[in-house]
Amino acid sequence: MTIHDKIIAITGASSGIGEATARHLASCGAAVVLGARRTDRLEQLVEEITAAGGRAAAVRVDVTDPDDLHSLVDRAVEGFGRLDVLVGNAGVSRISPITDVDVEGWSAMVDVNVKGVLNGIAAALPVFRAQGSGHLVTVVSTSGLKIVPTQAVYAGTKNAVRTIVEGLRQESTDGVLRTTSISPGYVRTEFIDSALDDPRLREQVKQTMAELGIDPTAVARAIAFAIDQPDDVEIGDLTIRPTCQG
């Protein structure tokens with residue numbers, strides 16, 4: 001497998017898709033450098049990966065801070081000699097109609113979902129260029145493919161990222177950089193816990209996710225599939241959703 005011995009940094013790695021991806025890639029022989037705000041969870045994850053024979057390191061990362069992304073990339077290069085892949089997984093959602101005018105929530109989604117991805121690109125791209133190779137894998141969402149009420153701004157941020165990554169792909173046809181956008185549908189994670197203020201509605205959505213959602217390991221395998229291609233093959237877009245999701 002081409003994943004073996006790759007050095008892969010992951011944002012939003014303390015739970016959900018990020019955690020599952022870290023575990024899966026480490027089991028495939030990659031060294032993983034994990035970034036998130038919840039350092040206690042990161043440290044526990046590093047301990048479990050290393051105890052299972054894998055290689056892992058952790059850095060506190062708030063993707064809204066450009067310096068934190070540079071620290072993540074530097075940790076990979078200084079600790080393992082290079083950075084082969086950056087998985088941009090960190091994201092937030094605030095679900096509400098636009099008429100609620102949740103300006104604070106809108107700003108948070110733009111800062112994390114859009115600026116956070118740009119901060120990662122800014123940190124990793126010079127390293128990839130200097131090495132002569134690199135791969136940006138960005139977790140987007142099926143919310144950007146099927147627009148529904150209460151998710152307009154969230155979908156807007158995800159489509160902004162999809163556009164940015166596609167533009168970068170078209171600017172990077174010299175064989176140095178590969179880009180991949182992964183669009184998950186319903187996945188069983190903690191993601192919804194901070195997306196809704198109404199406890200009743202939050203429980204309803206969590207129940208739907210529990211009934212319909214796929215395990216985050218399924219998304220981790222999709223990410224691994226994209227990474228595990230020959231250097232001259234690029235998986236540009238990959239959508240993964242439950243078979244029962246409309």
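# Questions on a predicted structure

Reader: Is Cys244 buried, partly exposed or exposed?
Author: Cys244 has a relative accessibility of 47%. A residue is called buried under 20% relative accessible area, exposed over 50%, and partly exposed in between (1.4 Å probe, protein chains only). Because its value falls in the middle range, Cys244 counts as partly exposed.

Reader: What kind of model is this, and how should I read its numbering and values?
Author: Residues are numbered from 1 along each chain as its sequence is written, and side-chain values use heavy atoms, with hydrogens and water left out. Local features need pLDDT of at least 70 and side-chain atom pairs count only at pLDDT 80 or more, while totals for chains, interfaces and linings use all residues, since this is a predicted model.

Reader: How many disulfides does the structure have?
Author: A disulfide is a covalent bond between the sulfur atoms of two cysteines. Here the rule asks for a pair of cysteine sulfur atoms within 2.5 Å. Cys28, at 14% relative accessibility, counts as buried, and Cys244, at 47%, counts as partly exposed. By the distance rule, the number of disulfides is zero.

Reader: Why is strand S1 described as largely enclosed by the rest of the structure?
Author: Helices (H or I, at least four residues) and strands (E, at least two) are DSSP runs, numbered from the N terminus, and S1 covers residues 7-11. In a regular strand the side chains alternate between the two faces of the sheet. On one side of S1 lie Ile7, Ala9 and Thr11, on the other Ile8 and Ile10, and all are buried. S1 is therefore largely enclosed because the number of its five residues that are buried is five.

Reader: Which strands pair with S1, and in which sense do they run?
Author: Two strands pair if DSSP finds at least two bridges between them. Five bridges join S1 to S2 (residues 31-36), with Ala31 as the bridge partner of Ile7. Three bridges join S1 to S4 (residues 85-88), where Ile8 stands opposite Val85 and Ile10 stands opposite Val87. The strands are S2 and S4, and in both pairings the sense is parallel.

Reader: Which strand other than S1 pairs with S4?
Author: Val85 and Val87 point one way from S4, Leu86 and Gly88 point the other way, and all are buried. Val87 stands opposite Val137 in the partner strand. The pairing is parallel and runs over four bridges, and the partner is S5.

Reader: What is the handedness of the β-α-β unit made by S4, H4 and S5?
Author: A crossover is right-handed if, with the strands pointing away from the viewer, the path from the first strand over the helix to the second runs clockwise. S1, helix H1 (residues 16-27) and S2 make a right-handed unit of this kind. The unit of S4, H4 and S5 is likewise right-handed.

Reader: Which backbone oxygen does the side chain of Thr180 reach?
Author: Thr180 lies in strand S6 (residues 177-184) and counts as buried because its relative accessibility is 0%. Contact means heavy atoms within 4.5 Å, and, not counting residues up to four places away in sequence, Thr180 touches several residues, including His135, Val137 and Ala226. A polar contact is a pair of N or O atoms within 3.5 Å; within protein, one must be able to donate a hydrogen and the other to accept it, and residues adjacent in sequence count only if both atoms are side-chain atoms. One polar contact of 2.9 Å joins the side chains of Thr180 and His135, and at 2.7 Å the side chain of Thr180 reaches the backbone oxygen of Ile235.

Reader: With which side chain does that of Arg169 make a polar contact of 2.8 Å?
Author: Arg169 is found in helix H5 and is partly exposed, with a relative accessible area of 26%. Leaving aside neighbours within four places in sequence, Arg169 is in contact with Thr179 and Glu234. The polar contact of 2.8 Å joins the side chain of Arg169 to that of Glu166.

Reader: What is the phi of Thr150?
Author: Most residues other than glycine have a negative phi, and most peptide bonds are trans. Val101, in the loop between S4 and helix H4 (103-131), has a positive phi of about 50 degrees although it is not a glycine. Thr150 lies in the loop between strand S5 (134-139) and helix H5 (152-170). Its phi is also positive, near 80 degrees.
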